[in-house]
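Visitor: I should like to learn how to read the features of a protein model. May we go through one together, feature by feature?

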Amino acid sequence: MSAVVWQTDFPSLQLRSRGKVRDLYEVGEDLLIVATDRLSAFDVVLPTPIPDKGRVLTQLSLFWFETLREVVPNHVLTATDFTGPLAPYRKQLQGRAMLCRRTQPLPIECVVRGYLSGSGWKDYRTSGHICGIALPPGLRQSDRLPEPIFTPATKATSGHDENITFDEAAARVGRELAERVREISLELYRRAAALAEPRGILIADTKFEFGLLDDEIVWIDEALTPDSSRFWPAESYEPGRGQPSFDKQYVRDYLERIGWSKQPPAPELPDEVVAATQAKYREAYRKLTGHELA
């Protein structure tokens, strides 16, 4: 098993930023994206890492980037050939890092929903709409939607993203580009959902990010991971209630149970919660790819 990584330290590389999960370095004209084992809950990064989490996020992203490469180009240059200035850190990077083309990221999150859950369920109960899209009356929590819908959101630098209408997204990026990323997002979701369901996972919703490079749309960031998607076990799916999921559910449940205020600092996680969360991430990877995490 590879070492657990809570934070990276590569002194000869230019650190660009640290997100909740990923550390980003500049490598010439390119970007090095390193997925750590950090985990955030309720928008707070926890002090306890989840072993294998960063490797699952990276390897699953690579799986989807490759599987769906015919739909849209992606930003990955290599996830194995760490040479030149990266050579001293090859061991730390292996399995959890991608060297990527630098793009101009679009200032919207491209969310696709195939089921009624999360903020979409909340908005539907209030107004019967999600992001300005009217849905049939009488739907239950976790119901499969008549067809997948594109529900964009803002990109929040801190806190939660906010749902916006398609017109608001078009005002931010231009209508032609908004229509194009909507089309791409829906196609990516349909293909991924069709692959995942017979393998035992329902993709309830997911978030895509895109950038522009020489006026070409490029799929960036991560791809259909448990951190950017709701993965539900198909065998236990039952609409009308919330569903178990392949992500940090055990962590959220534990933090709710102990009455944490959801304000920093976050508490340490007990071993059994860490182990259960690690197992869920690895199970999602195994079910989708057909093999165990190396």
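Guide: Let us begin just after helix α6, where glycine 259 takes a positive phi of about 75°. Please keep in mind that this is a predicted model.

Visitor: What is the general rule for phi?

Guide: Most residues other than glycine have a negative phi, and most peptide bonds are trans. Glycine 259 is a glycine with a positive phi. Just after α4 there is another such case, glycine 174, with a positive phi of about 100°.

Visitor: Which residue in the loop between α6 and α7 has a positive phi without being glycine?

Guide: That residue is lysine 262, whose phi is near 70°. Lysine 262 sits in the loop between α6 and α7, and with a relative accessibility of 31% it counts as partly exposed. Serine 142 also has a positive phi, of about 75°, although it is not a glycine. Serine 142 belongs to the loop between β11 (133–134) and β12 (144–150). Its relative accessibility is 1%, so serine 142 counts as buried.

Visitor: Where is there a cis peptide bond?

Guide: The cis bond joins proline 264 and proline 265, with omega about 0°. Proline 265 lies in the loop between α6 and α7, where lysine 262 also has its place.

Visitor: How should I read the faces of a helix?

Guide: The general idea is that an α-helix has 3.6 residues a turn, so residues three or four places apart point the same way. In α6, which spans residues 249–257, the buried residues are Val251, Tyr254 and Leu255. Viewed down the axis of α6, these buried residues fall within an arc of 95°, so they line one face of the helix. Among the elements that cover them are β4 (40–41) and α7 (271–289).

Visitor: Which residues of α4 are buried?

Guide: They are Phe166, Ala169, Ala170 and Val173. Their arc around the axis is only 100°, which puts them on the same side of α4. The buried residues of α4 pack against β9 (108–115), β12 and α5.

Visitor: At what angle do the axes of α4 and α5 cross?

Guide: The axes of α4 (residues 166–173) and α5 (residues 175–196) cross at roughly 120° and come within 7 Å. That angle makes α4 oblique to α5. The crossing of α4 past α5 is right-handed. On the α4 side, the contact is made by Phe166, Asp167, Ala169, Ala170 and Val173, and on the α5 side by Arg175, Leu177, Ala178, Glu179 and Arg182.

Visitor: How do α6 and α7 pack?

Guide: Their axes are 8 Å apart, and the angle is about 150°. This makes α6 roughly antiparallel to α7. From α6, Tyr250, Val251 and Tyr254 meet Val273, Ala276, Thr277 and Lys280 of α7. Val251 and Tyr254 were also named among the buried residues of α6.

Visitor: Where should I look for a buried residue outside a helix or strand?

Guide: Consider valine 72, in the loop between α1 (53–67) and β6 (76–78). Valine 72 has a relative accessible area of 2% and is buried.

Visitor: What is valine 72 in contact with, leaving aside its neighbours within four places in sequence?

Guide: Valine 72 is in contact with Ile184, Leu188, Phe210, Ile217 and Trp219. A separate distance concerns aspartate 123, which is 51 residues away from valine 72 along the chain. The C-alpha atoms of valine 72 and aspartate 123 are separated by 30 Å.

Visitor: How many disulfides does the structure hold?

Guide: A disulfide is a covalent bond between the sulfur atoms of two cysteines. This structure holds zero disulfides. To count as a disulfide, two cysteine sulfur atoms must be within 2.5 Å.

Visitor: Why do cysteine 100 and cysteine 110 lack such a bond?

Guide: The reason is distance. For cysteine 100, the closest cysteine sulfur is that of cysteine 110, and at 18 Å it is too far for a bond. For cysteine 110, the closest cysteine sulfur belongs to cysteine 131, and at 11 Å it is likewise too far for a bond.

Visitor: Are these two cysteines buried or exposed?

Guide: Cysteine 100 counts as buried, at 1% relative accessibility. Cysteine 110 is buried too, with a relative accessible area of 1%.

How values were computed. Residues are numbered from 1 along each chain as its sequence is written. This is a predicted model: local features need pLDDT of at least 70, side-chain atom pairs count only at pLDDT 80 or more; totals for chains, interfaces and linings use all residues. Side-chain values use heavy atoms; hydrogens and water are left out. Buried means under 20% relative accessible area, exposed over 50%, partly exposed in between (1.4 Å probe, protein chains only). Helices (H or I, at least four residues) and strands (E, at least two) are DSSP runs, numbered from the N terminus. The arc is that of the directions from the helix axis to the C-beta atoms. Contact means heavy atoms within 4.5 Å. Axes are lines fitted to C-alpha atoms, for helices over the stretch in contact, and angles run from 0 to 180 degrees between N-to-C directions. Angles under 35 degrees count as roughly parallel, over 145 as roughly antiparallel, 65 to 115 as roughly perpendicular and the rest as oblique. A crossing is left-handed if the near helix is turned anticlockwise from the far one by less than a right angle, and right-handed if clockwise.
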